[in-house]
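User: I'd like to learn how to read the features of a protein model, one at a time. Could you take me through one, starting with a charged pair?

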Amino acid sequence: MRKALQKRMEAQKYVWEGAIPLQIHLHESQVTTLPPPPPALILAPRIGYLPLLVPLIKPHFRSTLPPGVDTIWFEYRGLPLKWYIPTGVLFDLLCAEPERPWNITVHFRGYPGNVLIPCDGEDSVKWSFINSLKEAAYIINGNCKNVMNMSQSDQLELWHSVMNGNLEAYLRVSSKLKLATIEDEYTSLCSSKSQQGSGETDFTGQVKTGRVPVRLYVWGLSEDFDDLEDISQVDSWEKISYVNRPVEIHKEGKCFTLHDAMKNLLPEFFSDESLSDSKLAGVDFEDVQKIPSEDVSSNKVVEDRGQNAYEHREACYISSSAEIKLIRIQGIEPKLEIPFSWLVNNLLNPDHFLHICVCVKVPQ
C-alpha cells in the first residue's frame, strides 16, 4: 500500500510539474513601436490558466501598447482561447500535432465578448476554479458542503497552491474536503499477481463504487487522416462539443477500463443500433446536464454556474458510425485497455475533474 501511494504521489508530481513552452506574440494591430517587440517566452504550467500569466506578459509589451484600457485575451491561429479551460487542456485539444513552443497571440484591446465570457483577471479564474471544485464535490459526494464551508484562509491557501504549483500545500488543504478516491485496479491487480506467486488469494476485480467528474472535449472531423500533422486546424468552437458528465465505476469480475468509461460517456460512438435524427444532433451541453437527481445544475447546489452558464450549446455532428481517432489526457495518449481508476487517481486536475480530449472522425 505504501509503495502504491508513493507511485501515485510521483504521478501527481509529474502532472503538477508539467509545463508548456509558450511563445507569445503581441497582435500586430496593437504594436505602436518600430521595431515591433520580440515575443515573450514563458513556461506555462499545464494545470494553470492563461490569464494567470498576465503579470509576466504585460511588462514585456507595456512600452508598445496603444492608449486605452486593457482587456486581455489570447488566440491561437485566429481562435480566441477560452480562459477557464486549463492551459494543458487547450494545448492537447488544439494542437493535435504538438507544437513546441506553442505560438499564441495576446491582445490587450478588442475583447471578443461574443465568443468569450468576461474575465476580470485572477479573481475570475479563482471563482471559476472554485465553482468547478463545487461541481466535482457534488458529483463525488452528493453535496458540496465541504467546499462551500471552507474557511477563507483554507480557500486562499488552496488557490495559491494551484497558482504556484505547490502540490504539498494543495494536498494538505484539499484533504479537508474529503473528496473520496477510488480503488486503483492496476495496483490491486499487480498486488494480486504477486500474491498468487506466493500461493495467496487472487484478484477478484471488485472495485468500490465511485462517481468520477469528467469534462470531455469532443472534436469532430469529417475527413480521415493518417498522421496527426494532417489534421485540419480547429478554427471555431462550433467544432468542439463540451460534455460535462460523471462516470460511475462499478464493475464486477473485471477491470473497468478507459474503454468502458468512453462507452459510458459517449454511447453514441459504441452503439450498433441506428440512431434517430434527434440522437444525431450531437452532444448538447443542455441535454447532458440532465442527469438524474445527482445533476449539479438541476439541484442548484452551485451558487454560480460560472463557465457552464456561458458554454456553447450547439455541438458537432455525432453518429453511431463515428470513429474515435485520438484520446489525450494530460498530454498522454492512453490505450483504451488501461484501468480507468489509474487515470483518475493519477491524472486529475486540481479541480478534481478528469479532462479528456477526444478527436473523432464522423461521416460526411
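Analyst: Happily, and keep in mind that this model is predicted. Let's begin with K176, which counts as partly exposed because its relative accessibility is 47%. K176 forms a salt bridge with D154, with 3.2 Å between the closest N and O atoms. D154 sits in helix 6 and K176 in the loop between helix 7 (167–174) and helix 8 (185–197), so the pair ties together parts that are 22 residues apart in sequence.

User: Is D154 buried or exposed?

Analyst: D154 is buried, with a relative accessible area of 16%.

User: What is the general idea behind such pairs, and how many salt bridges does the structure hold?

Analyst: Side chains of opposite charge can pair when their charged atoms come close. Here the structure holds 14 salt bridges. Another one joins the side chains of E135 and R215, at 3.2 Å from N to O. E135 belongs to helix 4 and R215 to strand 7, so this pair links parts that are 80 residues apart in sequence. Both E135 and R215 are buried. There is also a network of salt bridges that links K58, D70 and R109.

User: How should I read a salt bridge within a helix, such as that of E17 and K13?

Analyst: The general idea is a matter of spacing: an α-helix has 3.6 residues a turn, so residues three or four places apart point the same way. E17 and K13 are four residues apart in helix 1 (residues 2–17), and about one helical turn separates them. Their side chains meet in a salt bridge of 2.8 Å, N to O. E17 counts as exposed at 51% relative accessibility, while K13, at 45%, counts as partly exposed.

User: Now for helix packing. At what angle do the axes of helix 4 and helix 6 cross?

Analyst: Two packed helices are described by the angle between their axes and the distance between the axes. For helix 4 (residues 122–141) and helix 6 (residues 152–164), the axes cross at roughly 105 degrees and come within 11 Å. The two helices are therefore roughly perpendicular to each other.

User: Which residues of the two helices make the contact?

Analyst: Helix 4 contributes E122, V125, K126, W127, F129, I130 and L133, and helix 6 contributes Q155, L156, L158, W159, V162 and M163. Sorted by character, the residues of this contact are 10 nonpolar, one polar and two charged.

User: Let's turn to sheets. In what order do the five strands of the open sheet stand?

Analyst: The order is 2-1-5-3-4, and the pairing is mixed. Strand 2 (40–45) and strand 4 (79–80) are at the edges with a single partner strand each, so one side of each has no neighbour in the sheet. To see the mixture, follow strand 5 (residues 102–107). Strand 1 (residues 19–26) pairs with strand 5 in the parallel sense over five bridges, and L26 stands opposite V106. Strand 3, in contrast, pairs with strand 5 in the antiparallel sense over three bridges, with H107 as the bridge partner of W73. Strand 3 (residues 73–76) also pairs with strand 4, in the antiparallel sense over two bridges, and there E75 stands opposite P80.

User: How many residues of strand 5 are buried?

Analyst: Five of its six residues are buried, so to speak a mostly covered strand. For a helix to set beside it, look at helix 14 (residues 340–347): seven of its eight residues are buried, so the rest of the structure largely encloses it. Those buried residues are F340, S341, L343, V344, N345, N346 and L347.

User: What is the strand order of the open sheet with four strands?

Analyst: This sheet runs 8-7-11-10, again with mixed pairing. Strand 8 (240–244) and strand 10 (323–328) are the edge strands, each pairing on one side only. From one strand to the next, the twist averages 25 degrees. Strand 7 (residues 214–221) pairs with strand 8 in the antiparallel sense over five bridges, and R215 stands opposite N244 of strand 8. Helix 3 (residues 87–94) packs on the sheet and touches strand 7, strand 8, strand 10 and strand 11 (354–361). The direction of helix 3 makes about 10 degrees with that of strand 11.

Note on methods: Residues numbered from 1 in each chain as written. Predicted model: local features only at pLDDT ≥ 70, side-chain atom pairs only at ≥ 80, totals over all residues. Heavy atoms only, no water. Pairing = 2+ DSSP bridges. Axes fitted to C-alpha atoms, helices over the stretch in contact; angles between N-to-C directions. Parallel < 35°, antiparallel > 145°, perpendicular 65-115°, else oblique. Contact = heavy atoms within 4.5 Å. Nonpolar A, V, L, I, M, F, W, Y, C, P; charged D, E, K, R; others polar. Salt bridge = Lys/Arg side-chain N within 4 Å of Asp/Glu carboxyl O. Buried < 20%, exposed > 50% of the residue type's maximum accessible area, 1.4 Å probe, protein only.
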